[in-house]
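This report describes one protein chain for a reader who has not met it before. Please keep the sequence and the structure in view while reading.

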Amino acid sequence: MTGTTHSDALISRRVRRLETLLEERGIVTGAAVDEAIDAFLTGASAAGGARVVARAWTDPGFRERLLADGTEAVTELGLSAGGVQPQRLRVVENTAGTHNIVVCTLCSCYPVRLLGPSPSWYKSEAYRSRVVREPRAVLAEFGLVLPPDVAVTVWDSTSETRYMVLPRRPAGTEHLDEPALASLVTRNALIGTAAL
């Protein structure tokens with residue numbers, strides 16, 4: 001297509017539409033797409049995001065820097081939030097009174113280098129449209145029922161800004177070192193569809 005330029009969002013929408021058509025026609029499953037992408041992106045996994053969270057739980061100075069400028073803070077661990085294009089990483093912290101959840105309503109923008117390949121449900125139109133309107137119902141479908149007094153904040157990723165959730169540290173983990181803490185962190189907790 002000589003002379004034609006495409007934005008990342010346009011390409012992402014086209015790819016997602018193709019994936020949806022292939023899944024709807026039974027040619028490929030979401031799980032098969034995820035497996036192929038996993039094989040392609042072998043260096044990208046949720047282990048990077050888990051390391052970031054474990055460090056934030058054990059190092060208050062790092063936690064402060066992470067919440068102030070996630071893009072810069074992750075470089076302290078030799079990690080990057082970006083891909084081919086520079087991307088800003090914003091880390092949002094779950095607290096006793098606030099639970100955060102991440103979505104990309106336009107396509108499926110996602111910090112792949114820190115969370116690994118995005119799950120097929122994250123890219124689905126159902127998740128992308130419903131989590132904004134009824135986040136508590138979507139969280140309940142993931143098995144996460146929050147008390148009514150906990151505020152739920154939905155963060156919409158873009159091609160320029162990606163979000164990652166800093167989950168609450170589980171009680172009773174004060175004796176664990178960083179690698180042990182990192183092993184507790186799941187991709188869904190980094191997206192906000194699970195608690196630890």
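Leu-77 sits in the loop that runs between helix H5 and strand S1 (88–93). The model shown is a predicted one. Is Leu-77 buried or exposed? Leu-77 counts as buried, because its relative accessibility is 11% and the cut-off for buried is under 20%. Apart from residues up to four places away in sequence, Leu-77 touches Arg-51, Val-52, Arg-55 and Phe-62. One of these partners, Val-52, is 25 residues away along the chain, with 7.5 Å between the two C-alpha atoms.

Val-52 leads on to helix H3 and the core. Not counting neighbours within four places in sequence, Val-52 is in contact with Phe-62, Leu-66, Val-74, Leu-77, Leu-79, Leu-114 and Met-164. The largest nonpolar core has 44 residues, and those that touch the most other members are Val-52, Leu-66, Leu-114, Tyr-127 and Met-164. Helix H3 (residues 46–58) supplies the largest share of this core, seven residues. In soluble globular proteins, nonpolar side chains tend to be buried together.

Helix H3 is 13 residues in length and spans 19 Å from its first C-alpha to its last, close to the 18 Å expected at 1.5 Å a residue. Its buried residues are Ala-46, Gly-48, Gly-49, Ala-50, Val-52, Val-53, Ala-54, Ala-56 and Trp-57. The elements that cover these buried residues include the helices H4 (60–68), H5 (70–75), H6 (112–115), H10 (178–182) and H11 (187–191), together with strand S4 (161–166).

Strand S4 also contains Tyr-163. Tyr-163 is buried, since its relative accessible area is 11%. Outside the residues up to four places away in sequence, Tyr-163 touches Leu-89, Arg-90, Val-92, Val-102, Pro-111, Trp-155, Asp-156 and Ser-157. The C-alpha atoms of Tyr-163 and Ile-101 are 9.0 Å apart, although 62 residues separate the two along the chain.

Another loop, between strand S2 (98–103) and H6, holds Cys-107. Cys-107 counts as buried because its relative accessibility is 3%. Leaving out neighbours within four places in sequence, the contacts of Cys-107 are Ser-12, Arg-13 and Arg-128.

What is the state of Leu-196, in the segment after H11? Leu-196 is partly exposed, because its relative accessible area is 34%. Beyond residues up to four places away in sequence, Leu-196 touches Trp-57, Pro-167, Arg-168, Pro-170, Leu-184, Val-185, Thr-186 and Ala-189. Trp-57 is one of the buried residues of H3.

The table gives pairs of residues with their separation in sequence and in space.

| Pair | Separation in sequence | C-alpha to C-alpha distance |
|---|---|---|
| Leu-77 and Val-52 | 25 residues | 7.5 Å |
| Tyr-163 and Ile-101 | 62 residues | 9.0 Å |
| Cys-107 and Lys-123 | 16 residues | 6.9 Å |
| Leu-196 and Arg-168 | 28 residues | 7.1 Å |

Arg-168 also belongs to the second largest pocket. Which residues lie nearest the centre of this pocket? They are Thr-95, His-99, Leu-146, Arg-168 and Ala-195, out of 15 residues that line the second largest pocket. By class, that lining has nine nonpolar, four polar and two charged residues. The volume of the second largest pocket is about 230 Å³.

Some totals describe the chain as a whole. The chain has 11 helices and four strands. Of its 196 residues, 41% are buried. Among contacts between residues at least 6 apart in sequence, 70% join residues at least 24 apart.

How values were computed:
Residues are numbered from 1 along each chain as its sequence is written. This is a predicted model: local features need pLDDT of at least 70, side-chain atom pairs count only at pLDDT 80 or more; totals for chains, interfaces and linings use all residues. Side-chain values use heavy atoms; hydrogens and water are left out. A nonpolar core is a set of buried Ala, Val, Leu, Ile, Met, Phe, Trp, Tyr and Cys residues joined through side-chain atoms within 4.5 Å. Buried means under 20% relative accessible area, exposed over 50%, partly exposed in between (1.4 Å probe, protein chains only). Helices (H or I, at least four residues) and strands (E, at least two) are DSSP runs, numbered from the N terminus. Contact means heavy atoms within 4.5 Å. On a 1 Å grid over the protein atoms alone, a cavity is a set of points where a 1.4 Å probe fits but cannot get out, and a pocket is an open set with protein on both sides within 12 Å along at least five of seven lines; lining residues have an atom within 4 Å of a point. Grid points are joined across faces, edges and corners, and a volume is the space filled by probe spheres set on the points. Ala, Val, Leu, Ile, Met, Phe, Trp, Tyr, Cys and Pro count as nonpolar, Asp, Glu, Lys and Arg as charged, and the others, Gly among them, as polar. The expected span of a helix is 1.5 Å times one less than its number of residues.
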